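Please load the model and follow the stops below in order. Each stop gives a selection and then states what is found there.

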Protein chains: 2
Amino acid sequence: MRYFRSNIGAMAGYVPGEQPQADGFIKLNTNENPYAPSPKVCSALRQAIAPSLRLYPEPLSDTLRSTAASVYGVKRSNVIVGNGSDELLSILLRCFVGSQDRVAFPTPTYSLYDTLVDIQDGITVHVDFPSDFAVPESLAGQNAAVTFLCNPNAPSGTLVSLPEVERLARAVSGILVVDEAYVDFAESEGASSIPLISRLPNLVVLRTFSKSYSLAGMRIGLALASDEIISGMMKVKDSYNVNRLSMIAATAALQDPAWMNRNVRRIQRGRKKLMAALRRLGYSVYPSHANFVLARKIGQNLKGVYEELKRRKILVRYFDAPGLQDCLRITVGTPREIQVLLKEMAAIDD
Amino acid sequence: MRYFRSNIGAMAGYVPGEQPQADGFIKLNTNENPYAPSPKVCSALRQAIAPSLRLYPEPLSDTLRSTAASVYGVKRSNVIVGNGSDELLSILLRCFVGSQDRVAFPTPTYSLYDTLVDIQDGITVHVDFPSDFAVPESLAGQNAAVTFLCNPNAPSGTLVSLPEVERLARAVSGILVVDEAYVDFAESEGASSIPLISRLPNLVVLRTFSKSYSLAGMRIGLALASDEIISGMMKVKDSYNVNRLSMIAATAALQDPAWMNRNVRRIQRGRKKLMAALRRLGYSVYPSHANFVLARKIGQNLKGVYEELKRRKILVRYFDAPGLQDCLRITVGTPREIQVLLKEMAAIDD
């Protein structure tokens, strides 16, 4: 590619899950919440459709930052708002990773991390998860400028405990980014690393409104960290990186935790049923703390099952990557969606 | 700053114009449109506040791209949508500028360009505009990976003609980015460089919905260029970089050009009156093709005038930068806002 930096020319680009524009699909492939956002969010949005859309938004999203700080028990200066947590990941890489700097993370995990390292011309260091998806022994010793830990992890759904996160943060040489996109779905309370940021100056915790708050369409994420890290990230973000309506949606969502918690509990119940039924169908299923499950038939390529489900208008996620070809990642849908999925999977098996 | 790359630690960060949260200001400092967005935009937005906000948006904004392609007479593959044109500027720098690569632009201009180069650890090459704000002779010979031309230029409001743009694109060694945030306000038709992209493979044209379409609060921009450049930029953008509502607002705005054109004509009429009145007050005013004017009192620091106006609840833009301290940049407001501004400026002069 003429003109482009060589690392950009050479890289492949991230491939997101399919977003079919046709109707009629049961969509269990991109971990969206099957339940609508809070009616209070919709009502706040309706109020905000006004001539003031002609004006720039708050440059630092201060209203939302203050609300988030109070919800998460931190100071406003510990919070930055992003255009989805994807933007915050990109800002982190630009802050901490120069050409040929190392970025380490256990795999398999969210494959966007690879893409972001390529964009910075950094060096990706993959460390295999052990079979129980605990923190790999050798992860901390990689001399990485940034270490990622997706927790709960995608696509496994597994969770690493707070003491393990703290030990890792103290052992790495650079920044530890704990990506908590799915943490609201964890089985037990107290899974979030946010309380650790006050004593770990190299810890960044990422949150998103795309999953538990049912707002994937609005693109909002948060990063929580020390004042020093947040103020550096502020220099790198675009000056007006979040639009007026997304800020308002996220603020209203945080103010209605009951709605989010009710949906989380419904998804947890669905997850339990889905895991049990998949096991009855002969799949190994990892203990999931997320709104999806990873179902495996060891050594058996499941591309055919994925394609057959798609033909039957059900989308799940198949990863054509080493070590994952015998897996399907399935989002926890509504009880009815789960029922249809299981019926079709049983039929395909026959 | 611990952990940060040295270029990030050393840089200052871009300072956007003030966005007062208090009411009662006449806001002529950040070039927002004084008129509301189209009622069709508001109506489309109201329709879109629905349970589907739980779903991710179209990853490539294809509906909006197709609409824009048809409006601007290009192919969909010539268009990429960004979270404001600021995001597209940032994507361009990440595509084309590695550490110590050169980025050239005539100054004074949009100061965000400096910040973006700092983030990439690139080298900024400033080339002074001549007094008539034509393209500087020496701009093309700077061996730059990227050359910026803000056209109409901010803060001068001056316009460079299409033949000059084409000559510059053919003479530079890398990419030429023509930032057309204000081009809809140009005095004459045919000011946009978009028709040139079909024959200039290194030309990128940026557009925004923040100015003529009255949608600064929604953060949407477009880049138009060759298929090759657009497909490379797609690799670097976040996978879901534009939210559902912003896409819908922009699509509806493009489908109601009459609303935009009517507001542009009102602003052009206001601009003419404002320029004439400022000249009567003793200011030099550059011929403006934008929704702002640059008013100068040669050699006289105008910070006091800016502060006095702010005390009187009128915000204009004062740049505390060499060569601009004898200037005020004033957004063209409504006729009433212009009237109040001029009355207060006359009073301050007395």
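Begin at the interface of this predicted model. Between chain B and chain A, 36 residue pairs are in polar contact, with both residues at pLDDT 80 or more. A polar contact is a pair of N or O atoms within 3.5 Å; within protein, one atom must be able to donate a hydrogen and the other to accept it, and residues adjacent in sequence count only if both atoms are side-chain atoms.

Now select, in chain B, helix 1 (6-10), helix 2 (39-48), helix 4 (85-96), helix 5 (112-119), helix 7 (227-236) and helix 8 (244-254): each supplies at least two residues of the side of chain B that touches chain A. Helices (H or I, at least four residues) and strands (E, at least two) are DSSP runs, numbered from the N terminus. Helix 7 of chain B gives the most to this side, with 7 residues. Colored by class, the side of chain B that touches chain A shows 36 nonpolar, 24 polar and 15 charged residues. Here Ala, Val, Leu, Ile, Met, Phe, Trp, Tyr, Cys and Pro count as nonpolar, Asp, Glu, Lys and Arg as charged, and the others, Gly among them, as polar.

Widen the selection to both sides of the contact (heavy atoms within 4.5 Å). It takes 75 residues from chain B and 74 residues from chain A. The two chains bury about 6,400 Å² between them, 59% of it on carbon and sulfur atoms; this buried area is the accessible area (1.4 Å probe) that two parts lose on being put together, summed over both.

Next, pick A:E228 and B:R2, whose side chains meet in a salt bridge at 3.1 Å, N to O. The term denotes a side-chain nitrogen of Lys or Arg within 4 Å of a carboxyl oxygen of Asp or Glu. Between chain B and chain A the count is 2 salt bridges, and a search of the whole structure finds 30 over all chains.

Move to A:D349 and A:K297, which form a salt bridge at 3.4 Å, N to O. A:D349 belongs to helix 11 (residues 335-349) of chain A and A:K297 to the loop between strand 10 and helix 10 (303-311) of chain A, so the pair ties together parts 52 residues apart in sequence.

Stay in chain A and display the open sheet of 3 strands in the order 9-10-12, with antiparallel pairing. Two strands pair if DSSP finds at least two bridges between them. Strand 9 (284-285) and strand 12 (327-331) of chain A are the edge strands, each pairing on one side only. Strand 9 of chain A is joined by 2 bridges to strand 10 (residues 292-296) of chain A; A:V285 has A:A295 as its bridge partner in strand 10.

Finally, inspect the backbone. Most residues other than glycine have a negative phi, and most peptide bonds are trans. The peptide bond from A:T107 to A:P108 is cis, with omega near 0°, and A:P108 sits in the loop between strand 3 (102-107) and helix 5 (112-119) of chain A. In chain B, a cis peptide bond joins B:T107 and B:P108. B:S214, not a glycine, has a positive phi of about 60°; select it in the loop between strand 7 (203-208) and strand 8 (221-224) of chain B.

Residues are numbered from 1 along each chain as its sequence is written, and chains are lettered from A and ligands numbered from 1 in the order in which they are written. Local features need pLDDT of at least 70 and side-chain atom pairs count only at pLDDT 80 or more, whereas totals for chains, interfaces and linings use all residues; side-chain values use heavy atoms, with hydrogens and water left out.
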